[in-house]
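Hello,

Here is the structure we talked about handing over. Please open it alongside this email; my notes follow below.

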Amino acid sequence: MAMTRRELRALHADDDGDLDRHPDESRATVLFVCTGNVVRSPFLAGLLASLGLPELSFESAGLRAVEGVPASGRVQELAQEYGIDLSHHSAHRLEEHAIGSATAVVCATREHKRDVLRLSPAALNHVFTIAELSRAAEKVDVEDLPDSSFVRWEALVQYAAMHRRNDDSDDIPDPYRRGDSDWWAFETAALSAALPIMRHLVGAA
């Protein structure tokens, strides 16, 4: 995992603050969803939020979350390795109004995506698994896009909506209350899915 950690630090370095030139442009709210909102969704939201892109807001919720529960101690420790502070995270249960108000809803698994769409079928065009967005990020050419994280995000969502493809490997595994191998599988899957999106948003090669 050392290589992906170096890549993440490089992505932070590539974000030189130029996006602050666009303070009046639209903002996008991205909502990450998992089950309990104590491991997967806060970690994924924290990864993207760590880029510090002023046009994008990253939030998280859980389909069966217990309100107010803190992030898992182990995911807090893992997040610290990436410079992310989840010590103040408080779990929130997903509500239908939050789906409608988000620019995109990003789910940890295909089952989460199905559950979100049961709550809000009209949201089909902006509900994805993170794996779907990750594949799209590898295809969209950022060289043809303005230096705006909002525009890049909108392009990513539009491409993903037009090129949907489910895959058996799309799910980010849940390591909660499990062993070291499960946490390693979670970290690997989460980083593999998030890094192409992060590169896309900052225009990194």
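**The central strands**

Phenylalanine 32 sits opposite serine 60 of strand S2. Please keep in mind that this is a predicted model. That residue pair belongs to a longer match: S1 (28-34) and S2 (56-62) pair in the parallel sense, over seven bridges. Alanine 28 also has a partner in S2, standing opposite leucine 56.

S1 pairs with another strand too. Four bridges join S1 to strand S3, residues 104-107, and these two strands run parallel. Here leucine 31 stands opposite valine 105 of S3.

Are these strands covered or not? S1 is largely enclosed by the rest of the structure, because six of its seven residues are buried. S2 is mostly covered as well, with six of its seven residues buried.

Now look at the connection. S1, H2 and S2 form a β-α-β unit, and the unit is right-handed. Helix H2 spans residues 40-49.

**The whole chain**

The protein chain has eight helices and four strands. Along the sequence, the pattern reads α-β-α-β-α-α-β-α-β-α-α-α. The chain has 205 residues, and 49% of them count as buried. Take the contacts between residues at least 6 apart in sequence: 77% of these join residues at least 24 apart.

**The largest pocket**

How much space lies in the largest pocket? About 330 Å³. Its lining comes from 23 residues. Leu31, Glu59, Ser60, Ala61 and His92 lie nearest the centre of the pocket. Two of these names came up above: leucine 31 stands opposite valine 105 in S3, and serine 60 stands opposite phenylalanine 32.

Which elements supply at least two residues each to the lining? They are strand S1, helix H2, strand S2 and helix H4 (96-101). S1, H2 and S2 are also the parts of the right-handed β-α-β unit. By class, the lining has nine nonpolar residues, nine polar ones and five charged ones.

**Around helix H5**

Arginine 118 is in helix H5. Buried or exposed? Arginine 118 counts as exposed, because its relative accessibility is 60% and the cut-off for exposed is over 50%. Glutamate 96 is 22 residues away from arginine 118 along the chain, yet their C-alpha atoms are separated by 9.9 Å.

Serine 120 lies in the loop that runs between helix H5 (110-119) and strand S4 (127-129). Serine 120 has a relative accessibility of 11%, so it counts as buried; the cut-off for buried is under 20%. What does serine 120 touch, leaving aside its neighbours within four places in sequence? It is in contact with Glu96 and Ile99.

**Helix H6**

Helix H6 covers residues 130-137. Seven of its eight residues are buried, so this helix is largely enclosed by the rest of the structure. The buried ones are Ile130, Ala131, Glu132, Leu133, Ser134, Ala136 and Ala137.

**Two residues with positive phi**

Asparagine 37 is not a glycine, but its phi is positive, near 60°. You will find asparagine 37 in the loop between S1 and H2. Its relative accessible area is 0%, so asparagine 37 is buried.

Arginine 177 also has a positive phi without being a glycine; the value is about 60°. Arginine 177 is in the loop between helix H7 (149-162) and helix H8 (180-202). Is this residue buried or exposed? Arginine 177 is exposed, because its relative accessible area is 73%.

Best wishes

Key: Residues are numbered from 1 along each chain as its sequence is written. This is a predicted model: local features need pLDDT of at least 70, side-chain atom pairs count only at pLDDT 80 or more; totals for chains, interfaces and linings use all residues. Side-chain values use heavy atoms; hydrogens and water are left out. On a 1 Å grid over the protein atoms alone, a cavity is a set of points where a 1.4 Å probe fits but cannot get out, and a pocket is an open set with protein on both sides within 12 Å along at least five of seven lines; lining residues have an atom within 4 Å of a point. Grid points are joined across faces, edges and corners, and a volume is the space filled by probe spheres set on the points. Ala, Val, Leu, Ile, Met, Phe, Trp, Tyr, Cys and Pro count as nonpolar, Asp, Glu, Lys and Arg as charged, and the others, Gly among them, as polar. Buried means under 20% relative accessible area, exposed over 50%, partly exposed in between (1.4 Å probe, protein chains only). Two strands pair if DSSP finds at least two bridges between them. A crossover is right-handed if, with the strands pointing away from the viewer, the path from the first strand over the helix to the second runs clockwise. Contact means heavy atoms within 4.5 Å.
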